[in-house]
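Got the model open in your viewer? Here is a walk through it, one selection at a time.

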Amino acid sequence: MKLLVGTLKGGFILEGDSARRNWKMRGPLFDGYETYDMVADASGGKPELYAAVNTWTWGPVIYKSTDQGKSWKRSAKNPRFSRKESGLAVKRVWNLQPDGQGNIYAGVEPAALFVSRDGSRSWEEFESLNYHSTRAKWQPGQGGLCLHTIVMHSKDKRKIRVAISAVGVLGSDDAGEHWRFMNNNIRADFNPVKYPRYGQCVHKIDYNPDYPDTLYLQNHGGVYRSEDFGTKWIEIGKHLSSDFGFPIGVNKTKPDIAYVVPLIGNGRFAPDGRFRMWVTRDAGKTWSPMGRGLPNRAYFGVLREAMATDAEEPGGVYVGTTDGQIYFTRNEGRSWEMMAENLPRVTSLSMSPA
Amino acid sequence: MPVKVYLTQMLVRHLGIEPELTAEADTVEGLLDSIDVHHQGFKDSICDESGRIRVYVNVFVNGRMLDREPKALSTRLSAGDEVHILASVAGGIRGP
């Protein structure tokens, strides 16, 4: 398997053996340009890799590899707004998401959603979302006004959920024709109205595709679970050391297991500097810290896209830090090892099956 | 009318394009469109979809730098003009 690693200075690929014990690294890719996401699309059998590369000079571009990452080709066409009069221009691509049917979705900054149905040769935009009637009131988070999360219902591809900072969750049940806010019960502590219709700063959503109605969400403050693909959210993070954090990961074989990285809001590091992954094994009823192999004095953070879970048994979890380390576990978190260090700031991690 | 175009090595590497080109165009936008026909993604690399020249790209016509507003793309060109497309100095890029 491969671990695809986006960093502030290019992409890397770590190739592991079947035991997930030894890993070989390649990179940096993309001429050292900021890489916010790398994903594998295995819908055609042999995985095709895509990377969201945000060059500081020439704009954001999508790269594609059809040979397991050995060579990459820059897409001539990239996600771009079609309404020139809007004045909108894509600044960064934050998130890439294959839907398992050969389509690739892209979430960008300023917040918008695009899809390519031909392997990144062309891109269409979701106009009813991108020019939504409330758009003028959307506020950016610290990272910008970004659409950073795309969740496709694995059994009904018409159902799409996206998360925007700081707007919250929007959903469509008709393949992107119409969108509605889905922030029911999600807090906005920074707002005089604690539960507004929109304006939440949702940080990340993850799920197990075999149980697509169950979503887990890390909010700016609060961790949540939904059992109906986002219609209602139940707060499950009150017993964490901090309910602030960025990524959230769900075990890909056992849907009641999820992982978060509690951080202090201002410093973006772990409480008391004790870097711990927290796990729930009962869908959020209880949480416990996992620290075997993790540092007791560390002041890095973990960005929203920088956690991945594999589909092995027992499940692997991979987490990349803002100081360039990658830690991983092969036993659902009972012990952790360092896979890589001295990388640039890690912006994304994801798995490729081959 | 033929215009001579000189490109920074960074752009040459990014697009796999020649560092010096000759193209026929009456305006800067026409020039970008003309080169884009043979090198897809060229125009998009220089200006965004709103028509603004990208923040870290500088376009010079006969040594005069264009501003970044969309109207800059309407700048007229004449035969024998020289256009330089360079990346800005940006030593303080955010890190680590």
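Start by selecting A:Ala308 and A:Tyr318: in strand 25 of chain A, A:Tyr318 is the bridge partner of A:Ala308. This is a predicted model, in which local features need pLDDT of at least 70, side-chain atom pairs count only at pLDDT 80 or more, and totals for chains, interfaces and linings use all residues. Residues are numbered from 1 along each chain as its sequence is written, while chains are lettered from A and ligands numbered from 1 in the order in which they are written. Helices (H or I, at least four residues) and strands (E, at least two) are DSSP runs, numbered from the N terminus.

Now widen the selection to strand 24 (residues 307-309) and strand 25 of chain A, which pair in the antiparallel sense over 3 bridges. Pairing here requires that DSSP finds at least two bridges between two strands.

Add strand 26 (residues 326-329) of chain A. Strand 25 and strand 26 of chain A are antiparallel too, with 4 bridges, and in strand 26 A:Tyr318 has A:Phe328 as its bridge partner. Follow the chain round the turn: strands 25 and 26 of chain A make a hairpin with 5 residues between them, and A:Gly324 in the turn has a positive phi of about 90°.

Which way do the residues of strand 25 (residues 317-320) of chain A point? A:Val317 and A:Val319 point one way, A:Tyr318 and A:Gly320 the other way, and all are buried. Buried means that 20 or more other C-beta atoms lie within 10 Å of the residue's own; exposed means 12 or fewer, partly exposed is in between, and C-beta atoms are placed from the backbone. In a regular strand the side chains alternate between the two faces of the sheet.

**Next stop: an open sheet**

Select strands 20 to 23 of chain A. These 4 strands form an open sheet in the order 20-21-22-23, with antiparallel pairing. Strand 20 (248-250) and strand 23 (288-290) of chain A are at the edges with a single partner strand each, so one side of each has no neighbour in the sheet. From one strand to the next, the twist averages 30°; the axes behind that angle are lines fitted to C-alpha atoms, for helices over the stretch in contact, and angles run from 0 to 180 degrees between N-to-C directions.

Zoom in on strand 22 (residues 277-280) of chain A, which pairs with strand 23 of chain A in the antiparallel sense over 3 bridges. There, A:Val279 stands opposite A:Ser288 in strand 23 of chain A.

**Loops with odd backbones**

Stay around strand 22 for a moment and pick A:Asp272, in the loop between strand 21 (258-260) and strand 22 of chain A. Its phi is near 60°, a positive value in a residue other than glycine. A:Asp272 is exposed, with 11 other C-beta atoms within 10 Å.

Jump to A:Arg20, in the loop between strand 2 (10-16) and strand 3 (23-29) of chain A. Phi of A:Arg20 is positive as well, near 60°, and A:Arg20 counts as partly exposed, with 18 C-beta neighbours inside 10 Å.

Then check two peptide bonds. The one from A:Glu109 to A:Pro110 is cis, with omega near -5°; A:Pro110 is in the loop between strand 9 (104-109) and strand 10 (112-116) of chain A. A:Ser165 and A:Ala166 are also joined by a cis peptide bond, with omega about 0°, and A:Ala166 is in the loop between strand 13 (160-165) and strand 14 (168-172) of chain A. Most residues other than glycine have a negative phi, and most peptide bonds are trans.

Keep A:Ser165 selected and add A:Gly143: 22 residues apart along the chain, their C-alpha atoms are separated by 8.0 Å.

**Zoom out, then cross over**

Show the whole of chain A, with its 1 helix and 28 strands. Buried residues make up 54% of its 354 residues.

How many residues of chain A are in contact with chain B? There are 18, facing 21 residues of chain B, where contact means that C-beta atoms, placed from the backbone, lie within 7 Å. The chain A side divides into 8 nonpolar, 5 polar and 5 charged residues.

Finish on helix 2 (residues 28-38) of chain B, where B:Val28, B:Leu31, B:Leu32 and B:Ile35 are buried. What covers these buried residues includes strand 1 (2-7) and helix 3 (42-46) of chain B.

Terms used:
Contact = placed C-beta atoms within 7 Å. Nonpolar A, V, L, I, M, F, W, Y, C, P; charged D, E, K, R; others polar.
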